[in-house]
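Subject: Structure handover

Hello,

I am passing a structure on to you. Please open it first, then read the notes underneath.

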Amino acid sequence: MRDDRATQIKKAKVYAEALVMSALKINGIREALDVRVDLDSALEASMYNAPLIEFLSNQETRNTDVVFKALDGMSKALLDTLKVMIDNKDGYLLIRVVETYNEILEQKLGVVVVDVYTVVKLDDKLREQITQKAERELESKVLLSEHINDTMIGGVILSAKGRIVDMSVYSLLRKAELELTSMHQAM
């Protein structure tokens with residue numbers, strides 16, 4: 001039988017805190033940001049990988065190879081934490097750990113982490129402009145977590161605290177298309 005909601009939240013917080021501390025100890029902020037990316041990948045894998053879904057939802061399953069095969073290449077801190085979760089039959093808490101990890105990391109560092117998606121690596125000038133704008137908008141110190149997205153045409157997408165600012169070329173073209181369609185229909 002699974003724990004009640006309050007107990008699940010408490011357990012997820014303990015796992016997330018341990019994961020933040022482990023990541024920071026291994027390689028500082030860089031590792032902690034890499035774990036954020038790995039957590040998102042693990043969560044995505046847990047949605048689309050049938051054996052992994054079964055494993056995480058069934059506390060009695062003991063074939064841990066399923067998990068570690070699906071999550072091969074992820075950070076040591078994350079894999080170690082997942083091993084403890086699995087040993088404690090808490091694999092089903094993964095989504096709660098993901099949600100809690102980002103909050104704890106931001107509290108620990110005293111910043112808001114802003115995910116920045118671009119098609120090419122940011123140069124120092126653009127990085128500084130994005131940092132300044134994000135700090136003004138969020139009224140907080142920010143830490144950029146940069147991601148290369150080769151499916152983008154160009155531009156930038158920012159994501160923080162559930163807010164997304166899409167300044168990608170695709171988005172701008174789509175807005176122009178909608179405006180032109182609207183104008184055409186009005187004629």
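Below is what was found in the structure.

Please keep in mind that this is a predicted model.

Start with the sheet. It is open, with 4 strands and mixed pairing. The strand order is β2-β1-β3-β4. β2 (142-148) and β4 (163-168) stand at the edges. Each has a single partner strand, so one side of each has no neighbour in the sheet. On average, neighbouring strands are turned by 20° against each other, direction ignored.

Now look at one pair of strands. β3 covers residues 155-160 and pairs with β4 in the antiparallel sense. The pairing runs over 6 bridges. Ala 160 stands opposite Arg 163, a residue of β4.

Two helices lie across strands of this group. α1 lies across β1 (112-118) and β2. Its direction is at about 55° to β2. Helix α7 (residues 169-186) lies across β3 and β4. Helix α7 runs at about 80° to β4.

Next, two single residues.

Thr 131 is in helix α6, which spans residues 124-138. Is Thr 131 buried or exposed? Its relative accessibility is 16%, so Thr 131 counts as buried. Leaving aside residues up to four places away in sequence, Thr 131 touches Val 142 and Leu 144.

Arg 2 sits in the segment before α1 (5-48). Arg 2 counts as partly exposed because its relative accessibility is 41%. Asp 90 is 88 residues from Arg 2 along the chain. The C-alpha atoms of Arg 2 and Asp 90 are separated by 8.7 Å.

Best wishes

Note on methods:
Residues numbered from 1 in each chain as written. Predicted model: local features only at pLDDT ≥ 70, side-chain atom pairs only at ≥ 80, totals over all residues. Heavy atoms only, no water. Buried < 20%, exposed > 50% of the residue type's maximum accessible area, 1.4 Å probe, protein only. Contact = heavy atoms within 4.5 Å. Pairing = 2+ DSSP bridges. Axes fitted to C-alpha atoms, helices over the stretch in contact; angles between N-to-C directions.
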